[in-house]
Amino acid sequence: MADIVLDHVTKKYGDGYEAVKSMDLEIQDGEFMILVGPSGCGKSTALNMIAGLEDISDGELKIGGELVNNRAPKDRDIAMVFQNYALYPHMTVRENMGFALKLAKVDQKEINQKVEEAAKTLDLTEHLDRKPANLSGGQRQRVAMGRAIVREPKAFLMDEPLSNLDAKLRVQMRTEVAELQSRLGTTTVYVTHDQTEAMTLGDRVAVMRSGVLQQVDTPAVLYNDPVNLFVAGFIGSPSMNFIHGQIRGDEIELPFTTLPLSDELKRAASGDREVIAGLRPEHFEDAELVGDHLGEGVTFEAKIDLVESMGSELYVYFDAGSDKADRVEQAASEAGLEELAGGDSNQIVARLSPESSAKRSETLKLWVDPERLLLFDPDSGERIRAEGGSGDAGQ
Amino acid sequence: MSDRVKSERRLGWLLCAPAAIAMLAVTAYPIGYAIVLSLQQVDLRFPDEGGWVGLQNYGAVLSSGLWWTDLFNTVFLSVISVSIELCLGMAIALVMHRAIFGRGLVRTSVLIPYGIVTVVAAFSWQFAFAPDTGFVNHLPFIADDKDWFGERFSAFSVIIMAEVWKTTPFMALLLLAGLTTIDDGLYDAAKVDGASAWQRFTRITLPLMKPAILVALLFRTLDAFRIFDTIFIMTNGAQDTQSVSILGYQQLISRLNLGLGSAVSVLIFICVLVIAVFFVRVLGARQPEGSR
């Protein structure tokens, strides 16, 4: 086991395109680190550089304190799980799992013992002598995991290992992967484009966009305290609502209501200025159901366009009524967000308790918690926050 | 079987019929006729003598030293040239597969020898190796007066070289087809698993290419076993370089002994059949492993 340190690691292709730009990342020994981002953000390239399958154009990569830039993959003592599993079709499950040990000239008896142990852990014992073509998707996925764990490597590298599974199996395997990793305690770097996987699996999550690392932190911090519009919009499902806002003194004017600014935001956003306000769907509630907390928030009336019932919760869509929606849309697309909550920037999504009486085309009294309001600079997309303060991180 | 299925079957047979009849006319009929001839005494120089002689022609062929010498020559030429072709073809296929720039150009230029008529190629090489006018004897380390076609094994080496030069591209193409079916991800997986370039070749590439290699070997061995043009042009069987096909040709066309010639042809046919059955049954040149 070992830590992995990326120091200004850069991938530049022959045509000048930079897939990964000066990436700094410290992955602790035993940590489960997720690299997440939309397709083409450079997360797989970063993983391949750690594996040694792609050359590092610039910067340093250290595994267990040793500089490994110029080492071949086989000399890095890492194991990788590929998206399409890359199982050797001409070998049985047993041979697939033992291949690396066989190449390392480990005694056949010991190989058998380790393979059988891993097979037991992964529930593959009865399939050991079958060929990959005769296995189901989930079983193949497990063989790919097994091939990695029998080696007891310094680190696991996983490249979207669950994305070829159907939705139900993916959720099941997600739990198994998390369990396995915590039991083995092996440093793991896991690449995914699925923010749910990122949030549920990782000790820490590194969000990437266009080859640039945006933010690295625990899922909770990413969720509650994103550094910019991109992270705020990418993490969370349904994603955060972005609303055009105007600050006047101690208040912020939103198209549908006016909210008081918290003390911290007052310090951060001094003077009257244009901002983008971020409010997550769950920070709204049906005013009828807030009870004692009514006074802590602000209530306003909205005409409901659509109600989606999930059983355990209601998603309510209403029109923000902003005449500057295109400003928000522009800022979001500059930040790299392809989709906004509710499909367009003038639509707000609120998540309400299922007891809510919200009905389509009716007017509903909604409550919002101004303490949860996040502000972003419309030009740079950066979060606006008090200097030195890190907001209400980690709650 | 329902009426619909029956009528569909009948239509299927009807649609296949023209092709099937054409195939039978040009393959089954000549083969059958050759077998019939091989059991008779038929010699166009003595058209009046004839009649059924049973297996006498076969006895004559199999008891002659010439047949066995020629069979040895044919097997020797086939084994050596196909082995060299396999190695070279594999190397060329790997290069063509990995070529990053000029892919089309590389693939096209490699194919040129295969596009040249065998007789023309054989003449070209014969001229190149001619003791007086050829350029080969003027190359360094080669005696100026070496008579390549004057001795059995030097003649063989030129014949093999010409065969290899001509048919390696075909081998390379068949192997390339097999190579492209291998998922590149397997090589990444093998690299991470600790395999060196050589181990990736022997443990991933070769086993996964086994079906393609066997098909290529089958095609080329059958082809090589019937070698005729190159020998006919270069030595015409002199210096004990005759192949079984040349023997059959001489019996049939030069000596007009149709009975004996047909017996030789039928024996060649049986040899080819044995090679094909060996490849398909013993080596299993069928479905790729792992796929169903």
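The dialogue below works through the interface, two sheets, the salt bridges and two backbone details of a predicted model.

Me: Before I begin, what should I know about numbering and about which parts of the model count?

Reply: Residues are numbered from 1 along each chain as its sequence is written, and chains are lettered from A in the order in which they are written. This is a predicted model, in which local features need pLDDT of at least 70 and side-chain atom pairs count only at pLDDT 80 or more, while totals for chains, interfaces and linings use all residues, and side-chain values use heavy atoms, with hydrogens and water left out.

Me: How do I read the interface, and how much area do chain B and chain A bury between them?

Reply: The size of an interface is often given as the accessible area lost when the parts come together. Here chain B and chain A bury about 1,900 Å², 64% of it on carbon and sulfur atoms (buried area is the accessible area, with a 1.4 Å probe, that two parts lose on being put together, summed over both). On the chain B side, B:V192, B:D193 and B:R203 lose the most area to chain A, and together they make up 34% of what that side buries. The contact (heavy atoms within 4.5 Å) involves 20 residues from chain B and 23 residues from chain A.

Me: Which salt bridge crosses the interface of chain B and chain A?

Reply: Side chains of opposite charge can pair when their charged atoms come close. The rule (a side-chain nitrogen of Lys or Arg within 4 Å of a carboxyl oxygen of Asp or Glu) finds 1 salt bridge across this interface, and it joins the side chains of B:D193 and A:R151 at 3.6 Å, N to O. Of the elements in chain B, α7 (184-193) and α8 (197-225) each supply at least two residues of the side that touches chain A, and α7(B) gives the most, with 8 residues (helices, H or I, of at least four residues and strands, E, of at least two are DSSP runs, numbered from the N terminus).

Me: Where are the salt bridges in the rest of the model, and which parts does the pair A:K11 and A:E54 tie together?

Reply: Over all chains the count comes to 22 salt bridges, including one between the side chains of A:K11 and A:E54 at 3.6 Å, N to O. A:K11 lies in strand β1 (residues 4-12) of chain A and A:E54 in the loop between α1 (43-51) and β4 (58-63) of chain A, so the pair ties together parts that are 43 residues apart in sequence.

Me: How do I read a sheet, and which strands stand at the edges?

Reply: Two strands pair if DSSP finds at least two bridges between them. In chain A, 5 strands form an open antiparallel sheet in the order β13-β12-β11-β14-β20. Its edges are β13 (258-260) and β20 (374-376), each with a single partner strand, so one side of each is left without a neighbour in the sheet. Strand β14 (residues 274-279) is joined to β20(A) by 3 bridges, and A:G278 has A:L374 as its bridge partner.

Another open antiparallel sheet of 5 strands in chain A has the order β15-β19-β16-β17-β18, with β15 (284-286) and β18 (347-352) as its edge strands.

Me: Which backbone details should I look at in A:P238 and A:K105?

Reply: The peptide bond from A:S237 to A:P238 is cis, with omega near -5°, and A:P238 sits in the loop between α8 (229-234) and β11 of chain A. A:K105 has a positive phi of about 60° although it is not a glycine, and A:K105 lies in the loop between α2 (93-103) and α3 (108-121) of chain A.
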